[in-house]
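This report describes how a protein model is packed, from the extent of one chain to the surroundings of single residues. Please keep the structure in view while reading.

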Amino acid sequence: MPAWRSRHRGIYSRETARLTPTYEKPMKRIFLLLLAGLLLAPAGCKDFLDVNTNPNGPETVSANLYLPPMLHWLATAPPYDGRYIGRYTQQFMGPASSISLWDRMGYAAGSDAAAEQWRDVYWSFGQNLIDMMTKAQNEERWDILGVGQILKAWGWQVLTDMHGEIIIKEAFDQSRTTFDYDTQEYAYFEVDSLLHEAIANLQRNDGAVDASYLAVGDKIYNGDRGQWLKFAYGLLALNRSHFTNKSTYNADTVIMLVDQSFQSNADDALFPYPAVTSNDDKNFFGTSRDNITGYRQTEFILNLMNGTEFGGTVDPRMTRMLAPSPDGQYRGLDVNVANWSGLDSAQRPMNFFGYQGLPGAGQPSRYIFSDKSRFPIMTYAQLQFVKAEAQYLKGEKGAALATYENAIAAHIDFVNDRNSDDGQSPTPITEAEKDAFLSDPNIVPTDPNDLTLSHIMSQKYIAQWMWGFNELWMDMRRYHYTDTESGIEVFRGFALPTNLFVDNNGKPVERARPRYNSEYVWNQAGLAPIGGLETDYHTKPLWITEPGS
Amino acid sequence: MPLRRVIGFLALAFAALPALAFAQGTGNIRGRALDAGTGGPVTAVQINVDGTSLGAQTVDDGSYSIRNVPAGQHILVTRRVGYEPTRDTVTVQAGSTVTHDFSLRSVATNLNEVVVTALGQTAVQRSIGTAQQSVSGADIAAAQQPNFVNALQGRVAGVNVTNTSGVPGASSSIIIRGVSSISGSNQPLMVIDGLPMDNSTLGTGVLASDAPNSAVAFDNRGLDFTNRGADVNPDDIESITVLKGPEAAALYGIDAANGAIVITTKRGRAGGGLEYSNSFRIESPRGAPDIQHVYGPENDLGSQSFLYFGDKYPAGTQFYDNIDSFFETSLTQKHNISFSGATSDGKINYRLASGLTKQNGVVPTTDYDRVNLTGASQGQVTDWLNVDLSMMYSYADNDQPFKGAGGPLLGLLVWPSTDDASVYLNPSGTRRLITGLSAGSELDNPYFSVFKNQVNSKNNRLIANLALTFSPVSWANLRTILGTDGYTNQNLILRHPESRWGFGSNGIIDEADEITRNLNAQTLLNFNSYDITDKLSIQGLIGNAVTDERTTVNGLNGQDFMDPNFVSANNTRIKFNRTTLTRRRLVSLFGQAVFNYDNYLYLTLQGRNDWTSTIPRPRNSFFYPSVTSSFVFSDAFPSIGKHMTGKLRAAYAEVGRDAPPYAYRPSLINATTSYAGYRYDFWGPNLALKPEFAKSYEFGTELGFFDDRLGLDVTYYQKETDDQIVQNIRGSYGTGFVLFNMNGATTRNHGLEISLRGTPIRTQDFSWDILANFDRSRGKVISLPRDLPESYVSDTWLYGNVRDGQAPGMSTMALTGQFFQRNDKGQLLIDPTTGLPLRHSDFIDAGYDRQPNFTVGLSNTLRYKRFTFDFLLDMRKGGDIFNATEHYLTVRGLATSTLDRETPRVIDGVLKDGNENSASPTPNNISVIPAEDPNYYLNMSEEYFIEKDINWVRLRSATLSYILPQNWVRNASLYVTGTDLFIITNYTGLDPVVNGNTAAVGGAGAVGIDYGNFPIPRGIDFGIRLAF
């Protein structure tokens, strides 16, 4: 201010002569005051500028409020990607005038298809999971921390099973521009240690462990940490069961883990979609979402159930899981034949909802394909098959047979339960049907020595059909799609597509490429060292399915 | 709170009033101001007694009077926009009245013209060191565009206006000197009566429908809303000055980094009286794409969505002219009435005006109605206080159709010609379907689309600016402007339960009420010119500005209609809301010093410091300078000045820019998935965000010849924007996020602007004036943040796999796409199994650039006695346009180019057989017959439809007017105006002026992407102007 006055004094004094004194004096003072205000104004603006905290959403919330979207995606991401990897495993196909590259074990370059779990693990979970676990840790909420560790483990497990090498050590560093991939072995190790931590935390009773607090965000087990503990054991059992090609496979550990996990169908991890809004909170395979309307069951799944592969015994689940054609017959499409396998319109299988087109609102659907169908994440039946396989590989055929029969029985009950979730059209499988099926030697051999891997794995395929996409694909890759045991195909009747996608170079698909818009566009530096830029990267076998230690 | 402090001081100033006004030993001055050319009176001349606050304005007959002037010798200074300023000496004796008349020289455009500059200041053209150009309000109004922004196209070199479409109320974007920001807004600041005015276009991102993860989002593709600048009634505009670069707009700071449009509204003048004008306008459509009528749909329309690859229509098939009968000839009427006047001493003036626009579109149901009420008054309250208040109220009601993929044009084009499209309902009143597809898959019948869906927007707006000018001392004055700009914009978007877009959800209604309230305060302390020596003088100002912007959008989405035809969210079973509150505050301090050496050499120094709320502290405070200079060499060297007038200009400026609100710290959003909860949005944190800076320079010259009958203005500019904040930039999901806002892009723009004006003929009865504006602007991306390979604006990825994408070395208006694979020699690679070209799976550059090579706006005004003929031609050379509509028609077998489908052809290219990059690649020899292989069309690359180097000559407007002989009215004229009467272009689509998005989208947006867009119609206006 003084500097300003001295600089302008010359002007000021020169003008004074023209102005009347009464005019000049008060005005000068006011003028200088105004000027002071003008110059000082910005100094007072510190609080004035504090309007950049986003008023439209909080920066942090209580730990249990992070959970609902993550649990939603825990159930929803697998069917999302299942639309693609379900075709690698011939659970269904898309009938069209030409055979889709997915039905030919190919991939769509320049597309994010078959990489939803990638998005969910890094973004839908991502920083949300980190924040939730940090809060839980600080607030000694060991139950929610344990659930967080399960989610983290589940993420790495499904991601490495789907893509092989993934980003773990460098993940969630926002200052990085490229990310190195970690080996699958490391991913398996990471899952293992996370689940051990989860198991320890879920057994804790101290601190702020509170079922009602957890239940706010947990609609799978309503805050019951005991159930989550079983889930952790089950996930660990799946992890260990994948090592069948490795010298480190330990059937006893697998059996022990399964025994500590789900005890009955009541423990099944099912996601109850509320279906109260227009779209996002409905079963991904439900009719409203219209995501699978154009798909049809394959000949492969049909032959597993209509007696073709099991000595003529028709599976009572067939009419409750699969869809008939308009003429009432059950058929499946040949993945090698375009245009509906040459069937005429009355012979073409209807869609999974049981209609030729999209049913209108409120019309009943079938099996797990209804808006409110409780969608499975892991089931008792599935784990029993894991146990049966372990017992079988260990050579305990009698025990394996009993577990195998129990697994099928559990799945029959599961089918009945699912068909009553949302008023679906199929009738329940009666006890008589169930008993007849289970006592049929084509399905359950009377002599334990007649039990084969193909019984266990093909029936496991049925039990996981259209929901257990990650595990089912892992099963098929562990047995290299067409492995045989004593001349019997492990997956009875399965054949690779005759016209494999051009980039496959004659090899079956072994992994999905990492998400295009995440990695192929922005992280090629990370992809190059693992061969991810090769056009046949998707045929590179996984570490876990290759022999070794 | 600086605002409160300023107001406090102002209150103090008022309290001190009574002590101030005295005068002794005074006399009076009176006289008239007359036009030196015609001898007629000149009104509204501001006359000041130099060195005092005394002054007056001339009234209708050109007279003025100034009382109580202290005795002695005084200099009287006159200023009037459009006239040369004068300085005359008079001697006043105490107690007597001296008469002094002025002879004012009218100037079209020359160095002595008084022009408006930044902050509402005026200056003499000769002192200005930057390129700026003005358009008179009369020219704007005569263009007959309800949205005045459209009237600027072609009238200012370097200004490029793009209409989103030809629908009433369509948004228009203005780009000055090219696209420099690759993701943010490139629109200039709009200023009205000294303060910023909101010209935003509502983005669909605030609709509840567009909540993250929504399956029914519009993404700024399916809808358009008016740019809010259109709320201004063109009839209220006195003049528009375009400040083209940061150099000219430096005093406006960060929001004017892309230039500024400075609007001055009309004020009352003595003798203004009552004025009335009207306009009746008839519009007709420009036409529609040709479609073939030879091949019918496949089988029946049973299972396919309007694919015309079937057999030929049998002879004698009845065809309906669905396309022509769909469009209407529409009528628009406008009425403007104003009352204005001023006291005889010019100390108080007023203007009250009202305007009514009722515009109907050529697309049924579309309209744009606007009511404007305007009042402005100015008063010299005391010798030292001048008060100016302007208030503008507007109400706009706009109905638009959906656009693009969801709009009626595509449905109109693909509708079978063998069916009467106007029968769009079943007898029972439900939607009539004609394929076996579900209502959610069959494209909407165009009539159904416009009659059953709704896109309505109602806007109420009030802009009020109060300016107080204190002149307590002779050497300075203090000017404070306080302004509010507030509007409530109610939007209703209905996707009918039976329409394709609403069927899946059994009807979708969106309501969005946008409430915007912007407050601006600006205080300027002006120091009058002070002579340092007898040749060197200095003048300057310091000022401060405070901006407080606040917008709340309350969005509501309802789905699942109970009664399919009752339009209300109350009628839906599923509802959810979404509130979006956005705030931004800005405080600025700035100053300017102008050195004037002998009226021919000027140097202007400016500096500004901004404090913004949107950048983390302490980087939210940033300073930037500018320096401009002007050298009138024709005055410096009188030997040159004998033959011509001439001036050289040079300017350098830096300008900072902040980020959008909430850009650097992520927040959680409530999830729409099961059981709600919270999750992070797409954006990751960036606490290191800092302002971006543009460094810009320009130099130019203004030359006048033949007594200024020929003038030339040439400007070259270059601007480099560093550390550019790129919004929504992607990265590996390994970061835990999908998008980031980060610094790091660099773009460089340069260009050449030439304005040539001439008066080839000027006689008593006949005159001819020409103004030509040439513009060539180039924008280039130099680098991207983190060396990312591509940045793109996702909303522009609206058709196929082509989008507004940028990478280093590419134009800022490029298109990237999954273009053809080519070998090293640039030959197409052909799939050896199909004989069809192969495409990249990545988005690549194939040299497409939507920037024109140059544009020319050519306006001519011919006057013969009472007749005036005026026309504006808008010409463009080069620049690519993506004709997505034609691609859409081609893959459906409707384009006339598919008529030769039975002709075998071999696509020119080489087989991708491993030899494609060898010395002798295998030429493609595989013959394909499209009729037998539908993939020929179905998989056809969009690249075939990016039309390169599009030129046009467009008659923007042509007006013939006739001034009636004076009678009982003071002034009366009749006119007829044609707009967009013809366009000569090599573009095969309907109209190359298109935007696949709206003006709300940043970067280059989808300008030049033509997908289902209605062209600008032809229109003829006629009307009368009366003054009483």
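Two residues are said to be in contact when they have heavy atoms within 4.5 Å. The model examined here is predicted.

**A tryptophan in the core of chain A**

Leaving aside neighbours within four places in sequence, Trp228(A) is in contact with Leu71(A), Val147(A), Ile150(A), Leu202(A), Leu214(A), Asp218(A), Ile220(A) and Tyr221(A). Trp228(A) is also one of the residues with the most contacts inside the largest nonpolar core, which has 175 residues. Others in that group are Tyr122(A), Trp156(A), Phe231(A), Phe369(A), Tyr404(A) and Trp465(A). Helix H5 of chain A, residues 142–163, supplies the largest share of this core, namely twelve residues. A second, separate core has 54 residues, including Leu409(B), Val414(B), Phe820(B) and Phe882(B).

**Helix H8 of chain A**

Helix H8 of chain A runs over residues 225–241. Its 17 residues reach 24 Å from the first C-alpha to the last, close to the 24 Å expected at 1.5 Å a residue. H8(A) is mostly covered, with 13 of its 17 residues buried. At the start of H8(A), a side-chain oxygen of Asp224(A) comes to within 2.8 Å of the backbone nitrogen of Gly226(A).

**Chain A as a whole**

Chain A contains 19 helices and six strands. Its radius of gyration is 31 Å, whereas the globule rule gives 24 Å for 549 residues; chain A is therefore more spread out than a compact globule. Further values for the chain are collected below.

| Property of chain A | Value |
|---|---|
| Span of the C-alpha trace along its principal axes | about 125 × 60 × 50 Å |
| Share of the 549 residues that count as buried | 62% |
| Exposed area | about 18,900 Å² |
| Share of the exposed area supplied by carbon and sulfur atoms | 49% |

Among contacts in chain A between residues at least 6 apart in sequence, 74% join residues at least 24 apart.

**A loop residue in chain B**

Gln400(B) lies in the loop between strand E22 (385–399) and helix H5 (408–414) of chain B. Is Gln400(B) buried or exposed? Its relative accessible area is 8%, and because buried means under 20%, Gln400(B) counts as buried. Not counting residues up to four places away in sequence, Gln400(B) touches Val167(B), Pro168(B), Gly169(B), Ala170(B), Asp224(B), Phe225(B), Thr226(B), Thr366(B) and Val455(B). The C-alpha atoms of Gln400(B) and Pro168(B) are separated by 6.9 Å, although the two residues are 232 residues apart along the chain. In addition, the side chains of Gln400(B) and Asn398(B) are joined by a polar contact of 2.9 Å.

Conventions:
Residues numbered from 1 in each chain as written. Chains lettered and ligands numbered in written order. Predicted model: local features only at pLDDT ≥ 70, side-chain atom pairs only at ≥ 80, totals over all residues. Heavy atoms only, no water. Core = buried A, V, L, I, M, F, W, Y, C linked by side-chain atoms within 4.5 Å. Buried < 20%, exposed > 50% of the residue type's maximum accessible area, 1.4 Å probe, protein only. Helix = DSSP H or I, 4+ residues; strand = E, 2+ residues; numbered from the N terminus. Polar contact = N/O pair within 3.5 Å; in protein donor to acceptor, adjacent residues only side chain to side chain. Rg over C-alpha atoms; globule rule 2.2 N^0.38 Å. Areas by Shrake-Rupley, 256 points an atom, 1.4 Å probe, with all protein chains shown as cover. Expected span 1.5 Å × (residues − 1).
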